[in-house]
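Colleague: Please take me through one part of this model closely. I would like to look at its pockets.

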Amino acid sequence: YPQHTSFLDACDSLGLLVYEEVASWQHIGGDEFIKHMDYMMEGMIRRDRNHPSIILWGMMNEGHSSKMFEKMIRTSKELDSTRPVSYAENHIDMGIKDGTVFQPDVLGLNYKLDNYDQFHEKYPNIPILNTECTSADKSIMGDLESQLTATLKIKKDLDFIDERDFIAGACIWGFHDYGTEYRPVW
């Protein structure tokens with residue numbers, strides 16, 4: 001999601017790279033939704049395009065709409081032609097069928113690392129970034145065994161990504177159990 005400007009200032013100062021994405025999760029649909037998503041993309045880029053730390057604009061997490069992506073890409077390029085545009089895909093096969101995986105400059109892929117080699121072999125010219133992986137969904141703060149299991153999963157996933165030069169990098173999804181009473185139910 002768009003970060004606070006103080007966070008972006010710190011990233012600029014420290015030389016950290018930022019993938020900034022509009023506040024979204026999955027596609028709801030309809031012209032009003034598309035209009036709102038494009039409005040959020042425009043606002044994010046207008047506000048943050050002067051931050052050198054930002055290297056990639058993100059359109060959405062886990063959503064499908066060629067029509068919406070076309071509009072958002074056009075808006076992005078009009079406002080900032082220097083940075084590539086991405087979205088995070090959770091279902092490669094659905095993205096291929098819908099054609100959305102072919103729209104962004106860089107394709108973000110979530111989880112399912114075992115599909116990456118086959119996808120890259122079939123579409124070697126599509127730049128790939130892992131936009132979500134290594135969810136430590138069974139880790140519980142204070143439970144050393146579950147934390148070790150989560151740490152080993154993170155290491156395994158990051159080693160997998162590190163061994164493939166066609167994957168630009170990885171974003172770890174750390175939602176579960178960070179200072180809350182939440183406990184996974186899966």
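Colleague: How many nonpolar, polar and charged residues does the lining of the largest pocket have?

Modeller: Happy to help! This is a predicted model, where local features need pLDDT of at least 70 and side-chain atom pairs pLDDT 80 or more, while totals for chains, interfaces and linings use all residues. Numbering runs from 1 along each chain as its sequence is written, and side-chain values use heavy atoms, without hydrogens or water.

By class, the lining of the largest pocket has 19 nonpolar, six polar and three charged residues (Ala, Val, Leu, Ile, Met, Phe, Trp, Tyr, Cys and Pro count as nonpolar; Asp, Glu, Lys and Arg as charged; the others, including Gly, as polar). That lining holds 28 residues, with Y1, Y19, E21, T131 and C171 lying nearest the pocket centre. A pocket is an open set of 1 Å grid points where a 1.4 Å probe fits, with protein on both sides within 12 Å along at least five of seven lines, and lining residues have an atom within 4 Å of a point.

The space inside is about 820 Å³, as filled by probe spheres set on the points. At least two lining residues each come from α1 (5-14), β1 (18-21), β2 (54-61), β5 (128-133) and β6 (167-172) (DSSP runs of at least four residues for helices and at least two for strands). β6 gives the largest share, five residues.

The second largest pocket has a volume of about 150 Å³. I92, D93, I96, N115, Q118, F119, K122 and Y123 line this second pocket, and α4 (92-98) and α5 (116-122) are the elements giving two or more of them. Its lining divides into four nonpolar, two polar and two charged residues.
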